[in-house]
Amino acid sequence: MLGFRSVSAARQLGRVAGRSLGAVRSKHTVPELDYDYDELEPVISAKIMQLHHDKHHATYVAGLNAAEEKLLAAQAANDVAAQVALQPALRFNGGGHVNHTIFWKNLIGEKNGGGQLHACALKEAIEQTFGSLEKLSALVNAKTAAIQGSGWGWLTFDPAKGGLDVITTANQDMAAAVGHVPLLGVDAWEHAYYLDYNNVKAEYFKNIWRVVNWKDVAQRYDAAVAKHRAA
Ligand SMILES: [Fe+2]
């Protein structure tokens, strides 16, 4: 919700900005990184981060904005077929935007605490569910490595069972689309590792755990549990 008092106010803002009403309503932007491009080196190079964030993520955002503009036009024209035809673009680009937004927050350099999971409710849940952090990472890596084509590996909170789970999603599909709360995402697209690791994908999966921002993951877990208990 943008909080406009009226449609006319929104239209006026659109005119002031020199853009259509649709452009105002559907504008998504690439979030700034909380760190420099070289923060994750040597696990992920500055070159990959720059391309991944500035080019790949930006392309999903541009695709999502374009699809939402077309959707608004199709809704205004009451064109149901056009609205349905836009769903794949919304799913792909919307997922790309949401997944990468989580991914950037999930990571932090080793010198700033990357890979360190200190005593907390999430650590207890991981040990209770998977045995240890090492067993969790091995499970995520095995499942993620088995994705055919592109996709994501996820540590999630599954409200249906009230606990942690490990799942994968194809392409840019979101964990939330299958009812899970995403806590930690591992981008398994080639654009996430190929410049640094070439075809040795397993090395990328092994190393990425060194730059996981467990503080961020733990906050997502605490929020998911609180929401689950309140429901
Ligand atoms: Fe990516």
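**An iron site built from distant parts of the chain**

Among the contacts in this protein between residues at least 6 apart in sequence, 69% join residues at least 24 apart. The model is a predicted one. Its 231 residues include 44% that are buried. The protein has 10 helices and three strands, and from the N terminus on the elements follow the order α-α-α-α-α-α-α-β-β-β-α-α-α.

The iron ion is a good place to start. Its protein donors are H52 (NE2), H100 (NE2), D187 (OD) and H191 (NE2), and they lie 1.9 to 2.1 Å from the ion. The four donor atoms subtend angles of 92 to 132° around the iron ion, which makes the arrangement tetrahedral, since four donors count as tetrahedral if all angles lie between 85 and 135 degrees. For four tetrahedral donors, the ideal angle at a metal is 109.5 degrees.

Along the sequence, the donor residues of the iron ion follow the spacing H-x47-H-x86-D-x3-H. H100 belongs to helix α5 (residues 87-106) and D187 to strand β3 (residues 181-187), so this pair ties together parts that are 87 residues apart in sequence. Both H100 and D187 are buried.

The UniProt record, an unreviewed entry, lists H52, H100, D187 and H191 under "binding site". These residues span 140 residues in sequence, yet no two of their C-alpha atoms are more than 12.2 Å apart, so they gather at one spot.

What surrounds the individual donors? H52 lies in helix α3. Its relative accessibility is 1%, so H52 counts as buried, the cut-off being under 20%. Apart from its neighbours within four places in sequence, H52 is in contact with H57, H100, F103, W104, D187, H191 and A192. The other three iron donors, H100, D187 and H191, are thus among the contacts of H52.

D187, in strand β3, has a relative accessibility of 0% and therefore counts as buried. Not counting residues up to four places away in sequence, D187 touches H52, H100, F103, G151, W152, A192 and Y204. F103 and A192 appear in this list and also in that of H52. The side chain of D187 also makes a polar contact with the side chain of H100, at 3.1 Å.

Another residue to look at is S45, placed in the loop between α2 (21-25) and α3 (46-76). With a relative accessibility of 15%, S45 counts as buried. A polar atom of the S45 side chain lies 3.2 Å from the backbone nitrogen of I48. Leaving aside neighbours within four places in sequence, S45 is in contact with Y37 and D196.

The last part of this account concerns helix α10 (residues 214-230). At 1.5 Å a residue, its 17 residues should span 24 Å, and the end C-alpha atoms of α10 are 24 Å apart, which agrees. The buried residues of α10 are W214, D216, V217, A218, Y221, A224 and V225. They pack against the helices α5, α6 (121-130) and α7 (133-145), and against the strands β1 (151-158), β2 (163-170) and β3. Two of these partners, α5 and β3, are the elements that hold the iron donors H100 and D187.

How values were computed:
Residues are numbered from 1 along each chain as its sequence is written. This is a predicted model: local features need pLDDT of at least 70, side-chain atom pairs count only at pLDDT 80 or more; totals for chains, interfaces and linings use all residues. Side-chain values use heavy atoms; hydrogens and water are left out. Donors are N, O and S atoms within 2.8 Å of the metal (3.2 Å for Na, K and Ca); water is not among the atoms, so sites may look incomplete. Four donors count as tetrahedral if all angles lie between 85 and 135 degrees; four count as square planar and six as octahedral if opposite donors are over 155 degrees apart and all others between 65 and 115; anything else is irregular. Helices (H or I, at least four residues) and strands (E, at least two) are DSSP runs, numbered from the N terminus. Buried means under 20% relative accessible area, exposed over 50%, partly exposed in between (1.4 Å probe, protein chains only). A polar contact is a pair of N or O atoms within 3.5 Å; within protein, one must be able to donate a hydrogen and the other to accept it, and residues adjacent in sequence count only if both atoms are side-chain atoms. Contact means heavy atoms within 4.5 Å. The expected span of a helix is 1.5 Å times one less than its number of residues. UniProt positions are given in the numbering used here, feature names are shortened, and annotations may be inferred rather than shown by experiment.
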